[in-house]
Amino acid sequence: MLIKKDQMVLIVAALLFGVAIYTVFVYAPTELVMGPIQKIFYFHLSSALVAFLSFFTAFVSGILYLIRKDLKWDVIGVASVEIGLVFTTLVLITGVLWGRPVWNTWWTWDPRLTTSLILWFIYASYFILRSSVERQDTRAVFCAVLAIVGFVDVPIVFLSARLWRTIHPVVIRAGSIDMAPEMVTTLLVSLGTFTLLWALLLYQRTRTLTLACRVQNFERQLDGEVL
Amino acid sequence: MSSELFLIAGYMVIWGGIFGYVFYAARQQHLLAARVQVLEELIKEMEHRNG
Amino acid sequence: MSGFWLILQKDLYAEFRRPESVIGMVFFGFLLLVILNLAIPLGSEISPETGAGILWVTITVSSILGLSRTMSRERENRCMDGLLLSPVSVEALFAAKMAVNVVLVLLAECSIIPLFFILYGDGFFTSLPMLVLVVVLANVGFAAIGTLFSAITAGTSRNEALLPLLFYPLVIPLISITVKVTSMIFQGAAVADYSSWLYVMIAYGCIFTGLGFLLLDHVVGE
């Protein structure tokens, strides 16, 4: 029964992805100023949403771990930081590829791009920290603290990113594009699709990591018995 | 013209990234399943030996 | 409260006897000021932004030497266990360690900042009280994050080498605000022009000091 439910969700996700691709490339009109490159915006923004959802989940599960001391929350935290990092990387790369033809430069110190870059650094350091602690519960506490402090840092990062370069090219901001109703629909479809994908990935990764954790503990126990 | 090229590159990155990640997750799960199987066999063997 | 003073006294006295942290920071800061000079074209004036950037790169990079010592010093001889067994509360421990960090970095800055003005021109020297204010506010923010994360890295296998990797991504916003405000001070701008950023710096210090108080208990308990 459970497997069937899983498969159902997977099929729905695949179908939604088809719909999302169709709406982006066929249904949505081509933007007049920027041309076809603007179509990258839908999945760029959706990836950013997924990354933000992930970091928020990591923040909440960090707090819950420190209160409950249940390793379940640690596993959810790692899974979400991992997903968040993957999608932040996608946001950065698509941002660069979008900026090149439109602004004629690979990188601008636009507040949003800068924020994404700094977030990428913060959460990449999460994995460096993780790899340098052996004990499971110590590691969980340290990582929870980093996830909490990192997320609290986000608004300040965004605020300060506006200062980054005072003289930067006049950029065409996503918010200032007059979006046709078809574009709004397209955006909503791809946001929905990515959110579903996020939920699926988080569920799947959490399950795998929980199992990995149990197997590791069991193997250790077994080693003890054999010795 | 080059604008389309960048669009294609962008989508390749997104799809490549997502599929790469899903592939990585699936592979980890497979490896784990193999480990669980080894453990199960080990336990069976031990039970067999103990009685 | 007495625990706070005792730890503060103990650490400052240890530093007074063998000033390894402050000397390390000053020496490294001096070196950085000389090395960063390579980036400036010969015989040209540097802009206030560049000057502020050079000053804060020097301070933040050299202060990591002092910050990373705070907690690892206690771990080395298992002094941390003794501290935790003593009736000193964890809050007092955090406050004391953070105060030590603020004082030590401030002492190092007392040499680094004059050296900066000597090497890069005293044309930037406009308002001493505002410069002191910015330096103190920045130090509080650095010390809050530095103290919490030096407690974390002291508990890992990589120890002090890990601190910069965790510390800099988190303090980037503070550094960028500080550089901006400092460059405006160097330009001789009116206080009203950057006072809103000073509030952000105060907020940063308060937020992360608060988080440190809340979280250090979990970290040193491990």
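Here are some questions and answers about helices, a core and a chain contact in this model.

User: What kind of model is this, and what pLDDT do local features need?
Analyst: Happy to start there: residues are numbered from 1 along each chain as its sequence is written, while chains are lettered from A and ligands numbered from 1 in the order in which they are written. This is a predicted model in which totals for chains, interfaces and linings use all residues, side-chain atom pairs count only at pLDDT 80 or more, and local features need pLDDT of at least 70.

User: Which helix gives the largest share of the largest nonpolar core?
Analyst: A nonpolar core is a set of buried Ala, Val, Leu, Ile, Met, Phe, Trp, Tyr and Cys residues joined through C-beta atoms within 7 Å. This one has 126 residues, and Phe142(A) and Ile145(C) are among those that touch the most other members. Helices are DSSP runs of H or I with at least four residues, numbered from the N terminus. The largest share of the core, 15 residues, comes from residues 71–103 of chain A, helix H3.

User: Is H3(A) largely enclosed or largely open, and how many of its residues are buried?
Analyst: A residue is buried if 20 or more other C-beta atoms lie within 10 Å of its own, exposed if 12 or fewer, and partly exposed in between, with C-beta atoms placed from the backbone. H3(A) is largely enclosed by the rest of the structure, because its buried residues number 24 of the 33.

User: How far apart are the end C-alpha atoms of H3(A)?
Analyst: The expected span is 1.5 Å times one less than the number of residues. For the 33 residues of H3(A) that gives 48 Å, and the model agrees, with the end C-alpha atoms 46 Å apart.

User: Which residue in the loop between H2 and H3 of chain A has a positive phi?
Analyst: Most residues other than glycine have a negative phi. In the loop after helix H2 (40–68) and before H3 of chain A, a partly exposed residue with 14 other C-beta atoms within 10 Å has a phi of about 55° although it is not a glycine. That residue is Lys69(A).

User: Which elements of chain A do the buried residues of H1(B) pack against?
Analyst: Helix H1 of chain B covers residues 2–50, and its buried residues are Phe6(B), Leu7(B), Gly10(B), Ile14(B) and Ile18(B). Contact here requires C-beta atoms, placed from the backbone, within 7 Å. The buried residues of H1(B) pack against H2 and H3 of chain A.

Methods:
Helix = DSSP H or I, 4+ residues; strand = E, 2+ residues; numbered from the N terminus. Contact = placed C-beta atoms within 7 Å.
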